[in-house]
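User: I should like a close look at a single part of this structure. Please treat it in one connected account.

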Amino acid sequence: MNVLEERIMKDGRVIDSSTLNVGGFLNHQLDIRLIKWIAEEIKRRFADTEVTKILTIESSGIPIAVMLGDLYDVPVVFAKKGSSKTTNDDKYVSSAYSFTHQKMNDVFVLKQYLNPDDKVLVVDDFLADGEAARAMIDITVQAGGEVVGLAVAVEKASQRGGKELRMEGYHLESIAIVESLDDTNGQIKLRRQ
């Protein structure tokens, strides 16, 4: 059992049969040593892969992406969910349904931050149905870049995202894979890797 899996078993909370709360260490309050370990493990798993940009989606994937960007010494880009005064119409746009928030989000990256020569490692905290990953893949393709891999801290095996992305040929690495959640007794079952 790896460090993240141990932490999930110790401090993860089952909300219902499809929702795991890891807010105390991964995406609300951050355990920086754990985030650093996750980034190091991702880099180890992609050791032979050239990466020129790390791409994530706001906001829970940002801490892992920043640590990974530091390890690779490459820029980190994150797809934003809303416009502001500093954004313009010169952007790549895609849509992603948020399983956690139960709503569709338009996400974008300004064109100046992704280029055709970029080799992009897509990173996020969770993978459920794969909607966020697909939006980031779409944005990378729009830019003419190459998705060289997908990395997530936690994959939910009971949802289709991981299986479909692997079947499509993407190199996907999940640091922990949740096989099932039992909301009657709070039991978490992890897949052995």
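With which strand does strand 3 pair over 4 bridges, and in which sense, parallel or antiparallel? Please describe the surroundings of strand 3 as well.

Analyst: The model is a predicted one. Strand 3 pairs with strand 4 (residues 76–79) over 4 bridges, and the sense is parallel. Within this pairing, Leu55 has Val77 of strand 4 as its bridge partner. Strand 3 is also joined to strand 7 by 3 bridges, and these two strands run parallel. Here Ile54 is matched with Leu121 of strand 7.

As to burial, strand 3 spans residues 53–57, and 5 of its 5 residues are buried, so the strand is largely enclosed by the rest of the structure. This holds for both faces: Lys53, Leu55 and Ile57 lie buried on one side, while Ile54 and Thr56 lie buried on the other.

The bridge partners Ile54 and Leu121 also appear in the largest nonpolar core, which has 33 residues; both are among those with the most contacts inside it, together with Leu4, Ile8, Leu26, Ile38 and Ile42. Elements that each supply at least two residues of this core include strand 7 (119–127), strand 8, helix 1 (3–11) and helix 3 (32–45). Helix 3 gives the most, with 5 residues. Leu4 illustrates the packing: beyond its neighbours within four places in sequence, Leu4 is in contact with residues including Trp37, Ile38, Val154 and Ile175. Apart from this core lies another, of 24 residues, among them Tyr92, Val107, Ala132 and Leu150.

Key. Residues are numbered from 1 along each chain as its sequence is written. This is a predicted model: local features need pLDDT of at least 70, side-chain atom pairs count only at pLDDT 80 or more; totals for chains, interfaces and linings use all residues. Side-chain values use heavy atoms; hydrogens and water are left out. A nonpolar core is a set of buried Ala, Val, Leu, Ile, Met, Phe, Trp, Tyr and Cys residues joined through side-chain atoms within 4.5 Å. Buried means under 20% relative accessible area, exposed over 50%, partly exposed in between (1.4 Å probe, protein chains only). Contact means heavy atoms within 4.5 Å. Two strands pair if DSSP finds at least two bridges between them.
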